[in-house]
Amino acid sequence: MVMKESMTKKQNLYDNVLIQFNNAAEKMGLDPHIRKILAKTTNEIIVNFPVKMDDGNVQVFTGYRVQHNNTLGPYKGGLRYHQNVDINMIRALASWMTWKTALADIPFGGAKGGIQVDPTKYSQREIERITRRFTYSLGSNIGPEYDIPAPDVNTNAQIMAWILDTYLSGIHPQERNRSVHVVTGKPVASGGSQGREKATAQGVVFCILEWAKRNKFDLNGASYFVQGFGNVGSWAARIMKPLGAKLVGVEDVSGAVYNPNGIDPDDLLEFMSKMGVLTGFPGSKKIDHTQFMSIKADIFIPAALGNQITGETAPGIDVKLVAEGANGPTDPEGDIILQEKGVEVIPDIFANSGGVIVSYFEWLQNKRSEFWDLEDVDTKLRKKIVKTYKNISDIRKQYNTDFRTAANIVSLIRLEKVYKERGIFP
Ligand code: NAD
């Protein structure tokens, strides 16, 4: 019911989250009181802060941190710098973080934040000052045992290092060295973890490998295309390469390219680092967005923004599997169309959970003053992914439902159990 009513209007990401949540809650019969709590965010922090630009002018920016739920552990989630960031987008991303951490069975809750800014319009020095001033404005709303940011769209290890430095500068000197876990996704020399940079994509590929194994599908020679060639998209392609899978299409904010004979991800990255755009990559053909979304291949990895597979584009999707590297790439209408077409979807809260899982490993290493090697990190990550795949598959059978709803149910079962054990204060 909820789905039909809401689908008549254009979805924002938070509408999508609530539709997915209500589907799962309905299916599993989630306790109505707990359902009321989880349908809301806990805290929503909006800060307007001034920053001096390189030319001496002052600009005021709006930053957000939405803390959805911390029942299972400290709030956890990335920071996005994008011109379309608004409160609804951050609410949606924060809610998905709660489901994601519960699903992965790691002791975190869910949060997300960001700044409404187009970072391509600012110098590195300006981005540093924007980041530091945003961190200062958030003050004690973040903290190593309270709320822990990480990278997301247009943020990276360098930005995490500036957040770390700003946060540590504002606390008592005796507290500094035991507060390095206030952010994850840091550069390795500043306390980051081996394997964190590629972790989200590594998780996506571990999911694809598990899907292939369960479906007796040979990835060697399989074709796939990727939307987004930033952290998640470019790493996914680099990790798929040694498996023998063939990258046939890539789209980013600047346009899309196609080559049925295969695109080498390393060469494409090198080309992009020189030219700044994908188009013109030797051997490839420039295609438009509609052509890109209907490439015939075995696998599609959306790794850019939300609401890409919709009522409009889903009918053209021509693949066996969609592995959601991005958050919210498929809207509820798109989901139904893919189901009708028999396209399997590994949902975002599972497919891209490698990032937060390795963030948890980084957080643990910081707390224990340990450094794990890459092999250790990857082995532990793969174990988590395989175990979670099984948990979701069992629930999927039990409730006779789709992959996304089953993943949401696994999360909600965990949250419901803890709420029931603890009760509602007072
Ligand atoms: P990023 O900033 O490194 O890369 C984003 C990519 O998307 C860029 O290649 C950009 O050109 C492309 N893009 C932007 N707008 C586009 C458009 N309109 N059409 C096509 N391409 C477009 O970001 P990222 O960290 O790789 O994140 C990508 C997605 O993965 C996001 O949805 C993010 O929430 C999700 N995610 C990231 C992480 C992480 O650890 N970084 C973890 C979980 C999920």
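Start with helix α10, residues 265-275, and pick out Glu270 and Lys274: the two sit four residues apart, about one turn of the helix. Keep in mind that you're looking at a predicted model. Show the side chains and you'll find a salt bridge, with the closest N and O atoms 3.4 Å apart. Color by accessibility if you like: Glu270 is partly exposed at 44% relative accessible area, while Lys274 is exposed at 64%.

Next, select Asp165 and Arg132. Their side chains meet in a salt bridge too, 2.9 Å from N to O. This pair links distant parts of the chain, with Asp165 in helix α6 (residues 157-169) and Arg132 in helix α5 (residues 124-138), 33 residues apart. Asp165 is partly exposed, with a relative accessible area of 38%, and Arg132 is also partly exposed, at 25%.

Now jump to Asp378 and Lys198. What separates the closest N and O atoms of this salt bridge? Just click on them: the distance is 2.8 Å. Asp378 belongs to helix α15 (residues 374-399) and Lys198 to helix α8 (residues 196-214), so the bridge ties together parts 180 residues apart in sequence. Are these two buried or exposed? Asp378 has a relative accessible area of 17%, so it counts as buried, being under the 20% cut-off. Lys198 is buried as well, at 11%.

For the last stop, select Glu324, Asp335, Asp348 and Arg404 together. Here you're looking at a network of salt bridges linking these four residues.

Want to keep hunting? The count for the model comes to 29 salt bridges.

Terms used: Residues are numbered from 1 along each chain as its sequence is written. This is a predicted model: local features need pLDDT of at least 70, side-chain atom pairs count only at pLDDT 80 or more; totals for chains, interfaces and linings use all residues. Side-chain values use heavy atoms; hydrogens and water are left out. Buried means under 20% relative accessible area, exposed over 50%, partly exposed in between (1.4 Å probe, protein chains only).
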